[in-house]
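Welcome! Take a moment to turn the structure around on your screen, and then let us walk through it together.

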Amino acid sequence: MMKPISVKVTPQFLRFLFDQLLIFEKVSDGIFASRLFWQSRNAPSHLSTGSSSQIHEYLSSNGNRFAKVHQYIDPNNHPIGRPDPKYFLLDDVAFHT
């Protein structure tokens, strides 16, 4: 298997791709799976005490990772805002910020 072509893009462009391809909706509908990849309890000071920073991987139906997103979680484990895409593999191109 060939290594994908790495393309650095703006955060806005990556959000645009996710929106156009309805990635977040497909994860919510269970078409794609999400799993926790990384977590830190060192959230920014403007968030509630006990909030955390997380990176989630999105997986295709055959279990292949195709995206990573960043998300803040409040002390009750509820998402704060919308996930922020950081990586997206589309065909043989890896888009990243």
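**A guided walk through the fold**

Of the contacts in the chain with a separation of 6 or more, 41% are between residues 24 or more positions apart. Please keep in mind along the way that this is a predicted model. Along its principal axes, the C-alpha trace spans about 45 × 25 × 25 Å. The chain has 97 residues, and buried residues make up 33% of them.

Let us begin with the main elements. There are two helices and six strands in the chain. Starting at the N terminus, you will meet them in the order β-α-α-β-β-β-β-β.

Now look at how the strands sit side by side. The six of them form an open sheet with mixed pairing, and the order across it is β1-β6-β5-β4-β3-β2. Strands β1 (5–8) and β2 (33–40) are at the edges; each has a single partner strand, so one side of each is left without a neighbour in the sheet. From one strand to the next, the twist averages 25°.

One pair of strands is worth following by eye. Strand β5 (residues 79–90) and strand β6 (residues 93–96) run antiparallel and are joined by four bridges. Tyr87 has His96 in β6 as its bridge partner. Helix α1 (residues 11–20) packs on the sheet, where it touches β3 (52–59), β4 (65–73), β5 and β6. The direction of α1 makes about 90° with that of β5.

Next, try the aromatic side chains. The structure holds eight aromatic pairs. In one of them, the ring centres of Tyr58 and Phe66 are 6.5 Å apart and the planes stand at 50°, so this pair is tilted. To count as tilted, the angle must be neither under 30 degrees nor over 60. Are these two residues buried or exposed? Tyr58 is buried, with a relative accessible area of 4%, and Phe66 also counts as buried, at 10% relative accessibility. Both belong to one aromatic cluster, formed by Phe18, Phe24, Phe32, Tyr58, Phe66 and Phe88.

Some aromatic rings have a charged residue over them. Arg65 lies over the face of Tyr87, at 5.1 Å from the ring centre. Lys68 does likewise with Phe37, at 3.7 Å from the centre of that ring.

Two single residues make good stops on the way. The first stop is Val27, which is found in helix α2 (residues 23–28). Val27 has a relative accessible area of 18% and is buried, because the limit for that word is under 20%. Which residues does Val27 contact, leaving aside its neighbours within four places in sequence? They are Phe32, Ser34 and Tyr58, and Tyr58 is also a member of the aromatic cluster. Val27 and Lys68 are 41 residues apart along the chain, and their C-alpha atoms are separated by 12 Å.

The other stop is Glu57, whose place is in strand β3. Glu57 counts as buried, at 5% relative accessibility. Its side chain makes a polar contact with the side chain of Arg35, at 2.7 Å. Not counting residues up to four places away in sequence, Glu57 touches Ala33, Ser34, Arg35, Phe37, Arg65, Ala67 and Lys68. You have already met some of these: Lys68 lies over the face of Phe37, and Arg65 lies over the face of Tyr87.

Notes. Residues are numbered from 1 along each chain as its sequence is written. This is a predicted model: local features need pLDDT of at least 70, side-chain atom pairs count only at pLDDT 80 or more; totals for chains, interfaces and linings use all residues. Side-chain values use heavy atoms; hydrogens and water are left out. Rings of Phe, Tyr and Trp (its six-membered ring) pair if their centres lie within 6.5 Å; planes under 30 degrees apart count as stacked, over 60 as edge-to-face and the rest as tilted. Buried means under 20% relative accessible area, exposed over 50%, partly exposed in between (1.4 Å probe, protein chains only). A charge sits over a ring if NZ of Lys or CZ of Arg is within 6 Å of the ring centre and within 35 degrees of the ring normal. Two strands pair if DSSP finds at least two bridges between them. Axes are lines fitted to C-alpha atoms, for helices over the stretch in contact, and angles run from 0 to 180 degrees between N-to-C directions. Contact means heavy atoms within 4.5 Å. A polar contact is a pair of N or O atoms within 3.5 Å; within protein, one must be able to donate a hydrogen and the other to accept it, and residues adjacent in sequence count only if both atoms are side-chain atoms.
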